[in-house]
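This report describes the strands, helices and cores of one protein chain. Please examine the sequence and the coordinates shown below before reading on.

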Amino acid sequence: MPLSAPVRHEADGHVAHLTLDRPEALNALTPEARDRVVALLDSASADPAVRAVVLTGAGRGFCAGADLRGGAAAGERLPGDVARTLRLGAQRLIAAVLDCEKPVIAAVNGTAAGLGAHLAFACDLVLAAESARFIEVFVRRGLVPDGGGAYLLPRLIGPQRAKELMFFGDALTAADAARLGLVNRVVPDGELDATARAWAARLAAGPTRALALAKQLVNASLDTDRTAAFAAEAAAQEINMTTRDAQEGVRSFVERRSPEYRGR
């Protein structure tokens with residue numbers, strides 16, 4: 001991965017902070033930046049020292065979506081090119097967030113449009129600055145929503161609300177996004193970073209494997225029936241009870257003290 005890829009990575013204790021760093025382009029995602037985020041999320045999953053992830057943008061925008069000015073949007077296309085590009089690009093990015101074994105917080109500091117909005121919605125928790133805006137911009141360009149939008153939005157807000165956002169492409173304020181259930185909390189712009197760090201620190205101090213299994217169960221719940229969901233829940237609990245953190249949690253309850261989780 002090129003060192004010049006415009007994504008900053010900072011380790012703060014047990015938290016990985018990923019910052020999209022193309023403020024002059026509202027952090028529109030180049031293929032290099034997209035692949036860098038995927039690689040960092042994969043690394044966070046595999047690294048026991050990482051117990052939470054924060055994703056944000058530099059400057060006044062979170063992410064304006066995919067950068068359409070590059071070679072991917074130019075030149076002659078052959079049949080299958082578009083589907084392949086989406087499968088290996090935008091869809092792979094969203095899957096990396098959904099499949100990350102550590103909780104991922106989106107700290108949305110400004111405009112989140114198109115793929116940028118879907119990148120935020122794929123995160124486990126979404127914090128938004130008061131100035132944040134979410135835009136299903138695809139219809140404005142004559143495009144079909146991609147990057148998992150038609151999968152994520154109906155599950156978050158229902159099909160009719162999802163269609164309203166996708167059909168009109170109107171900008172959604174942070175307050176309206178919170179009202180619809182797309183955002184967990186709206187905070188003043190100056191408090192976004194501190195709030196994201198505080199939430200991440202709480203998650204990083206939690207039972208990491210239990211959180212990963214809970215994330216997996218919730219993400220899969222809307223794609224399965226009750227029998228399969230209950231079986232998955234029982235299997236997850238069986239796996240989790242072998243962890244030291246689960247044993248510590250039960251022991252601390254019996255001993256009437258606060259648990260000290262180690263992420264394993």
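In which sense do S4 and strand S6 pair, and over how many bridges? The model discussed here is predicted. In it, S4 and strand S6 (residues 111-113) run parallel and are joined by 2 bridges.

## The sheet containing S4 and S6

S4 and S6 belong to an open sheet of 4 strands, ordered S4-S6-S8-S9, in which the pairing is mixed. Its edges are formed by strand S4 (61-63) and strand S9 (171-173), each of which pairs on one side only. Between neighbouring strands of this sheet the average turn is 20°, with direction ignored. Within the pair of S4 and S6, Cys63 is found opposite Ala112 of S6. Helix H4 (residues 115-122) lies across S4, S6 and strand S8 (133-135), and its direction makes an angle of about 100° with S6.

## The sheet of six strands

An open sheet is also formed by 6 strands, in the order S1-S2-S3-S5-S7-S10 and with mixed pairing. Strand S1 (7-12) and strand S10 (185-187) are at the edges; each has a single partner strand, so one side of each lacks a neighbour in the sheet. Here too the turn between neighbouring strands can be given: on average it is 20°, direction ignored.

Strand S2 (residues 15-20) pairs with S1 in the antiparallel sense over 6 bridges, and with strand S3 (residues 52-57) in the parallel sense, also over 6 bridges. Strands of a sheet pair through backbone hydrogen bonds, in either a parallel or an antiparallel arrangement. Individual partners around S2 are listed below.

| Residue | Partner residue | Strand of the partner |
|---|---|---|
| Asp12 | Val15 | S2 |
| His9 | Leu18 | S2 |
| Val15 | Ala52 | S3 |

The hairpin of S1 and S2 has 2 residues between the strands, and Gly13 in this hairpin adopts a positive phi near 65°.

## The surroundings of S2

Is S2 largely enclosed by the rest of the structure or left open? Of its 6 residues, 6 are buried, so S2 is largely enclosed. Val15, His17 and Thr19 point one way from the strand, while Ala16, Leu18 and Leu20 point the other way, and all are buried. In a regular strand, side chains alternate between the two faces of the sheet.

His17, a residue of strand S2, has a relative accessible area of 6% and is therefore buried. Its side chain makes a polar contact of 3.3 Å with the side chain of Arg197. Beyond residues up to four places away in sequence, His17 touches Arg8, His9, Glu10, Asp12, Val54 and Arg197.

## Nonpolar cores

The largest nonpolar core has 49 residues, and the members that touch the most others are Leu41, Val108, Leu119 and Phe134. Apart from this core lies another, of 14 residues, which includes Ala52, Val54, Val187 and Leu203. Nonpolar side chains tend to be buried together in soluble globular proteins.

The contacts of Leu119 show its setting in more detail. When neighbours within four places in sequence are left aside, Leu119 is in contact with Leu20, Leu29, Leu55, Phe62, Leu93, Ile94 and Val97.

## A helix pair

Helix H2 (residues 81-88) and helix H3 (residues 90-99) have axes that come within 3 Å and cross at roughly 20°. Because angles under 35 degrees count as roughly parallel, H2 and H3 are described as roughly parallel to each other. Thr85, Leu86, Arg87 and Leu88 of H2 make the contact with Ala90, Gln91 and Arg92 of H3.

## Positive phi outside glycine

Two residues other than glycine deserve separate mention. Asn27 has a positive phi of about 60° although it is not a glycine. Asn27 is placed in the loop between S2 and helix H1 (31-46), and its relative accessibility of 1% means that it counts as buried.

Arg256, likewise not a glycine, has a positive phi near 55°. Arg256 lies in the segment after helix H11 (244-254). Is Arg256 buried or exposed? With a relative accessible area of 81%, Arg256 is exposed.

Technical notes:
Residues are numbered from 1 along each chain as its sequence is written. This is a predicted model: local features need pLDDT of at least 70, side-chain atom pairs count only at pLDDT 80 or more; totals for chains, interfaces and linings use all residues. Side-chain values use heavy atoms; hydrogens and water are left out. A nonpolar core is a set of buried Ala, Val, Leu, Ile, Met, Phe, Trp, Tyr and Cys residues joined through side-chain atoms within 4.5 Å. Buried means under 20% relative accessible area, exposed over 50%, partly exposed in between (1.4 Å probe, protein chains only). Contact means heavy atoms within 4.5 Å. Two strands pair if DSSP finds at least two bridges between them. Axes are lines fitted to C-alpha atoms, for helices over the stretch in contact, and angles run from 0 to 180 degrees between N-to-C directions. A polar contact is a pair of N or O atoms within 3.5 Å; within protein, one must be able to donate a hydrogen and the other to accept it, and residues adjacent in sequence count only if both atoms are side-chain atoms. Angles under 35 degrees count as roughly parallel, over 145 as roughly antiparallel, 65 to 115 as roughly perpendicular and the rest as oblique.
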